[in-house]
Amino acid sequence: MKKIELTEELIATAARQGVTICGTEAEIVLAYIKVHGYELLTDDDYKLYMHDKSACEDHTHDGTETIRGIVELCVELNKEMLLDSYSTQEQDADDQLELRKDTLILETMRAKAEKVIPPTVRRYNVVIVEHRKKLVPVLAASWAEAEARVREMWENGEVVIGQSDFAGIMISSGG
């Protein structure tokens with residue numbers, strides 16, 4: 001298998017799947033893939049593979065991908081990066097602008113790919129983290145003492161966080 005490193009290589013691989021992309025679009029996809037620890041590969045039949053570099057060097061377990069699937073992954077990665085950029089205390093307006101530009105380009109690419117390539121049904125690992133919160137009034141001389149008292153109350157079953165204390169969920173990909 002050959003690693004796809006040049007925009008021209010990704011453009012050619014996408015074209016073999018019936019999707020026309022330009023150099024800027026290919027550059028954005030390759031950047032998202034690389035930054036997140038993946039690499040794209042192709043074989044002699046121009047089939048597309050995505051490899052998780054953190055997993056191992058062995059490519060035998062890499063499944064075939066479509067350009068649609070790769071773009072959909074990049075859309076999700078872009079959303080996560082944009083959310084992260086807004087959640088930091090020191091927000092970088094220029095970075096956020098670039099991420100929003102990427103959003104427009106990636107969404108356009110996804111629309112092009114959806115017209116040509118049907119969705120692939122596959123198994124996804126989805127993590128749901130449920131958040132609950134409860135206000136527990138406690139008299140204490142300091143925050144550390146208050147926290148310690150409430151922790152002890154919770155550990156002893158004196159404070160129970162139940163269904164009525166539901167505060168929301170966070171859904172993400174995971175394994």
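Me: What makes the contact of Lys 2 and Glu 9 a salt bridge?

Reply: In this predicted model, the side chains of Lys 2 and Glu 9 come to 2.3 Å, N to O. The limit is 4 Å between a Lys or Arg side-chain nitrogen and a carboxyl oxygen of Asp or Glu, so the pair qualifies as a salt bridge.

Me: Why is Lys 2 called partly exposed?

Reply: Lys 2 has a relative accessible area of 45%. Buried would require under 20% and exposed over 50%, so Lys 2 falls in between and is partly exposed.

Me: How do you know that Glu 76 and Lys 79 form a salt bridge, and where do the two residues lie?

Reply: The closest N and O atoms of Glu 76 and Lys 79 are 3.6 Å apart, which is within the 4 Å limit, so the contact counts. Both residues belong to helix α3, residues 67–87, with a spacing of three residues, or about one turn of the helix. Glu 76 has 38% relative accessibility and Lys 79 has 39%. Each is therefore partly exposed.

Me: What makes Arg 149 and Glu 145 a salt bridge?

Reply: Their side chains meet at 2.6 Å, N to O, and this is within 4 Å, so the name applies. Helix α5, residues 143–155, holds both, four residues apart, about one turn of the helix. Arg 149, at 38%, is partly exposed, and Glu 145, at 26%, is partly exposed too.

Me: How many salt bridges does this rule give, and which residues are linked in a network?

Reply: The count comes to 13 salt bridges. Lys 3, Glu 5 and Glu 39 are linked in a network of them.

Me: What makes Arg 16 and Tyr 46 a case of a charge over a ring?

Reply: The charged end of Arg 16 sits over the ring of Tyr 46, 3.8 Å from its centre. The distance limit is 6 Å, so that part of the rule is met. Tyr 46 also takes a positive phi near 65 degrees in the hairpin of β2 and β3, where five residues lie between the strands.

Me: How do you know that β2 and β3 pair?

Reply: Strand β2, residues 38–42, and β3 share five bridges in the antiparallel sense. At least two are needed, so the strands pair. Glu 39 has His 51 of β3 as its bridge partner.

Me: What makes β3 and β4 a pair?

Reply: β3 and strand β4, residues 64–65, are joined by two antiparallel bridges. Since at least two are required, the condition is satisfied. Leu 48 stands opposite Glu 65 in β4. Strand β3, residues 48–52, is mostly covered, with four of its five residues buried.

Me: Why is Ile 128 called exposed, and which nonpolar patch includes it?

Reply: Ile 128, in strand β5, has 56% relative accessibility, and exposed means over 50%, so the term fits. Tyr 124, Val 126, Ile 128, Phe 166, Ile 169 and Ile 171 make a nonpolar surface patch of about 640 Å². Strand β6 gives the largest share, three residues.

Me: Are Lys 115 and Asp 95 exposed or partly exposed?

Reply: Lys 115 lies in helix α4, residues 93–116, and its 75% is over the 50% limit, so Lys 115 is exposed. Asp 95, also found in helix α4, has 37%, which lies between 20% and 50%, so Asp 95 is partly exposed.

How values were computed:
Residues numbered from 1 in each chain as written. Predicted model: local features only at pLDDT ≥ 70, side-chain atom pairs only at ≥ 80, totals over all residues. Heavy atoms only, no water. Lys NZ or Arg CZ within 6 Å of the ring centre and 35° of its normal. Patch = residues over 30% accessible without salt bridge, like charges linked within 9 Å, V, L, I, M, F, W, Y side chains within 5 Å. Areas by Shrake-Rupley, 256 points an atom, 1.4 Å probe, with all protein chains shown as cover. Buried < 20%, exposed > 50% of the residue type's maximum accessible area, 1.4 Å probe, protein only.
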